[in-house]
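Grab a coffee and work through these exercises with the model open beside you. Try each task before reading its solution.

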Amino acid sequence: MLPAFNLLEPSTITEACQMALDTGGTFLAGGTDVFVAMHAGTFLPETLISLSSIDELREVRFDDDGLVFGSLVNHRFFELNTFVRDRYTAIYEGCANVGSPQIRNRGTVGGNLCNGLPSVDSAGPLLVFDAVLTIAGVDYERSVPLNDFYLGPKRTVLQRGELLKSIFVPKPADNSTSCYIKYTRRNAMDLALLGVSVYLALDTLGVIADTRIALTTAGPTPIRASKAEMYLVGEKPSEALFARASLTAESEALPRTSWRASKEFRLKLVEVLTKRALDRAYQRAVKK
């Protein structure tokens with residue numbers, strides 16, 4: 001059983017933010033993490049503010065600028081959407097790797113991001129697409145690049161009375177591909193021991209015009225491997241180039257030792273999986 005709590009059900013974003021200011025309550029999206037923590041006794045909120053009645057947070061829009069979706073859109077939507085699979089492949093692969101079908105049907109991408117965990121499957125793919133978040137308060141909105149959203153483990157820039165309204169993902173270049181690779185201890189529901197996301201765009205001569213690499217569970221927050229990215233841009237893809245870039249990415253990682261894996265093992269995973277992800281993204285680009 002869950003411990004007793006007060007449940008508030010606002011119908012608008014403004015109402016939800018005001019309730020959070022007044023009560024200090026916790027926003028409830030899919031609840032896949034909140035309810036588990038409450039059941040375990042590690043999180044005991046007095047008040048939960050359910051966002052389920054705010055239809056605006058479920059809106060999805062594809063246009064010439066890119067993709068915009070509300071924070072309550074679940075992972076299953078991206079797993080089943082063929083346009084996302086074809087144009088935003090890393091996002092599809094990240095969302096398809098979250099838990100079980102039941103979890104993906106219930107869990108929201110916005111809630112996943114706001115947990116602030118370094119192992120979030122959706123964070124890396126969104127980072128390599130330069131996602132920008134719209135954060136709402138009682139009478140204002142502000143935009144925050146996802147790369148600036150995390151302050152530390154389970155810490156984000158969200159202030160009391162603010163919620164994540166929507167996520168904007170810019171349109172990828174026509175000659176670009178992406179991928180996400182998740183390493184786990186077993187081929188089942190499990191948190192990532194390490195995750196690598198790659199976005200790769202080639203020019204008409206086959207030279208790397210743009211690339212982005214994101215690492216999850218490789219530091220206190222999801223991070224971009226910016227030095228490895230700079231090393232790749234302007235170069236012709238090759239096994240040797242990808243191998244050297246992977247070593248650069250390893251030098252940028254700051255993993256820790258936990259009961260699930262050692263720091264040294266995670267560093268090796270950064271090198272191996274970054275090269276694998278670059279190879280995979282390049283092969284996809286060649287086949288387009």
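Below are three exercises on this predicted model, each with a worked solution.

Ground rules: the model is predicted, so local features need pLDDT of at least 70 and side-chain atom pairs pLDDT 80 or more, while totals for chains, interfaces and linings use all residues. Residues count from 1 along each chain as its sequence is written, and side-chain values use heavy atoms, with hydrogens and water left out.

**Exercise 1.** Work out in which order the 3 strands of the open sheet are arranged.

Solution. Helices (H or I, at least four residues) and strands (E, at least two) are DSSP runs numbered from the N terminus, and two strands pair if DSSP finds at least two bridges between them.
- Start with the edges: strand 1 (6–8) and strand 2 (26–28) each pair on one side only.
- The order is therefore 1-3-2, with parallel pairing.
- Check one pairing: strand 2 and strand 3 (residues 47–50) share 3 bridges, and Leu28 sits opposite Ser50.
- Add helix 1 (residues 13–23), which lies across strand 1, strand 2 and strand 3 and runs at about 175° to strand 3. Axes here are lines fitted to C-alpha atoms, for helices over the stretch in contact (heavy atoms within 4.5 Å), and angles run from 0 to 180 degrees between N-to-C directions.

**Exercise 2.** Find out what surrounds Thr177 and whether this residue is buried or exposed.

Solution.
- Locate Thr177 in strand 11 (residues 176–183).
- Its relative accessible area is 9%, so Thr177 is buried (under 20%; exposed is over 50%, partly exposed in between, with a 1.4 Å probe and protein chains only).
- Beyond neighbours within four places in sequence, its contacts include Val198, Leu200, Ala281 and Lys288.
- The Thr177 side chain reaches the backbone oxygen of Ala281 at 2.7 Å.

**Exercise 3.** Classify the ring pairs Phe77–Phe78 and Tyr88–Phe129.

Solution. Rings of Phe, Tyr and Trp (its six-membered ring) pair if their centres lie within 6.5 Å; planes under 30 degrees apart are stacked, over 60 edge-to-face, the rest tilted.
- The whole structure yields 9 aromatic pairs.
- Phe77 and Phe78 have centres 5.1 Å apart and planes at 85°, so call that pair edge-to-face.
- Tyr88 and Phe129, at 5.2 Å and 55°, are therefore tilted.
- Tyr88 is in the loop between helix 4 (82–87) and helix 5 (89–96), and Phe129 in the loop between helix 8 (123–128) and strand 6 (132–136), so their pair ties together parts 41 residues apart in sequence.
- Zoom out: ring pairs link Phe62, Phe83, Tyr88, Phe129 and Tyr199 into a cluster.

Notes: Polar contact = N/O pair within 3.5 Å; in protein donor to acceptor, adjacent residues only side chain to side chain.
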